[in-house]
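Thank you all for coming; I would like to walk you through one structure, going from its sheet to its core and then to its aromatic rings. Please keep the picture in view while I talk.

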Amino acid sequence: MMGGSLKLYYDLMSQPSRALYVFLSKNGIPFQRCPVALRKFEQKSPEYIANVNRFGKVPCVVNNDFRLAESVAIVRYICREYAVPAHWYPTNNSLQQARIDEYLSYQHLNIRADVSLYFFCTWLNPLMGKEVDREQADRLRRRLDKGLNFFEQVLLENGAKPFLTGDQLTYADLSAACEIEQAKIAGYNPCTERPHLSAWMAAVREQTNPFYDEAHKYVYRLAPEHIPTPTVPCDDDD
């Protein structure tokens, strides 16, 4: 393990930031919390780009003079450098590792894109003063429906698998759950008429709490009243 203090630069409104926040916290890896306010575009400041993340994004970790961006690269690095239970990302089992990598590669242009496009169209754009294009919103909702149905029916095999790659929780599950939670802010309940996806999300939350709820406190607060969410204290310092 590299010496020094690990710093995590994150915003809890960022799905991959939440996943890394939960992952580090759950595994007892000491890290310094370095919030970055995306709403203020702090990630685009010259100081941040020069000293933290040249890509101008979150999350990012800094360990002494070593800086690393991109959440998947970060979690692989953490699993190599720190004592992390093997089920998260088994560095000594290439087949299990490959299955996790397969999902993480799939996610970016599928579940992540499905949720993010709908979120931007129906929640973030109006927040920025733009009108919602209803035709586009309907199209993106159908895309999100299709993606989550595939997730439940094919990836979870309609409940035959408790987790994405088998019987144990992996980083693929945590990353996916954090992505899917984002849809709730836009008034979309991913669990509606998807009992197996609902059971899977509950299992991910149960196995990673209290850190899962801590990381999702803003999601829970911003979700409309008709979306069921836990009640979690919400501070204003993240």
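In what order do the four strands of the open sheet lie? The order is 2-1-3-4, and the pairing is mixed, where strands, like helices, are DSSP runs numbered from the N terminus (E and at least two residues for a strand, H or I and at least four for a helix), and two strands pair if DSSP finds at least two bridges between them.

Before going further, I should say that this is a predicted model, in which local features need pLDDT of at least 70 and side-chain atom pairs count only at pLDDT 80 or more, while totals for chains, interfaces and linings use all residues. Residues are numbered from 1 along each chain as its sequence is written, and side-chain values use heavy atoms, with hydrogens and water left out.

Back to the sheet: its edge strands are strand 2 (32-35) and strand 4, each of which pairs on one side only. Neighbouring strands are turned by 20° against each other on average, direction ignored; axes here are lines fitted to C-alpha atoms, for helices over the stretch in contact, and angles run from 0 to 180 degrees between N-to-C directions. Strand 1 and strand 3 run antiparallel and are joined by four bridges, and K7 stands opposite V62 in strand 3.

Two helices belong in this part of the picture. Helix 1 packs on the sheet, where it touches strand 1 and strand 2, and its direction makes about 150° with that of strand 1. Helix 3 lies across strand 1, strand 3 and strand 4, running at about 130° to strand 4. In helix 3 (residues 71-81), the residues S71, I74, V75, Y77, I78 and C79 are buried, buried meaning under 20% relative accessible area, with exposed over 50% and partly exposed in between, for a 1.4 Å probe and protein chains only. What covers these buried residues includes strand 1 (6-10), helix 1 (15-26) and helix 7 (171-181).

Now to the interior. The largest nonpolar core has 63 residues, and those with the most contacts inside it are F23, I78, F151, L174 and W200; such a core is a set of buried Ala, Val, Leu, Ile, Met, Phe, Trp, Tyr and Cys residues joined through side-chain atoms within 4.5 Å. This core draws at least three residues from each of domain 1 (6-84) and domain 2 (94-222), with bounds that come from an automatic or database domain assignment. A second, separate core of eight residues includes Y48, V52, V58 and V62.

What about the aromatic rings? A search of the whole structure finds 13 aromatic pairs, counting rings of Phe, Tyr and Trp (its six-membered ring) whose centres lie within 6.5 Å, with planes under 30 degrees apart called stacked, over 60 edge-to-face and the rest tilted. The rings of Y10 and Y21 have centres 5.4 Å apart and planes at 50°, so this pair is tilted. Both Y10 and Y21 are buried. For Y103 and F151 the ring centres are 6.1 Å apart and the planes at 85°, so that pair is edge-to-face. The pair links distant parts of the chain, with Y103 in helix 4 (residues 94-108) and F151 in helix 6 (residues 134-155).

F151 is buried, with a relative accessible area of 0%. Leaving aside neighbours within four places in sequence, F151 is in contact (heavy atoms within 4.5 Å) with residues including I111, L164 and W200. Finally, ring pairs link Y103, Y106, F150, F151 and W200 into a cluster.
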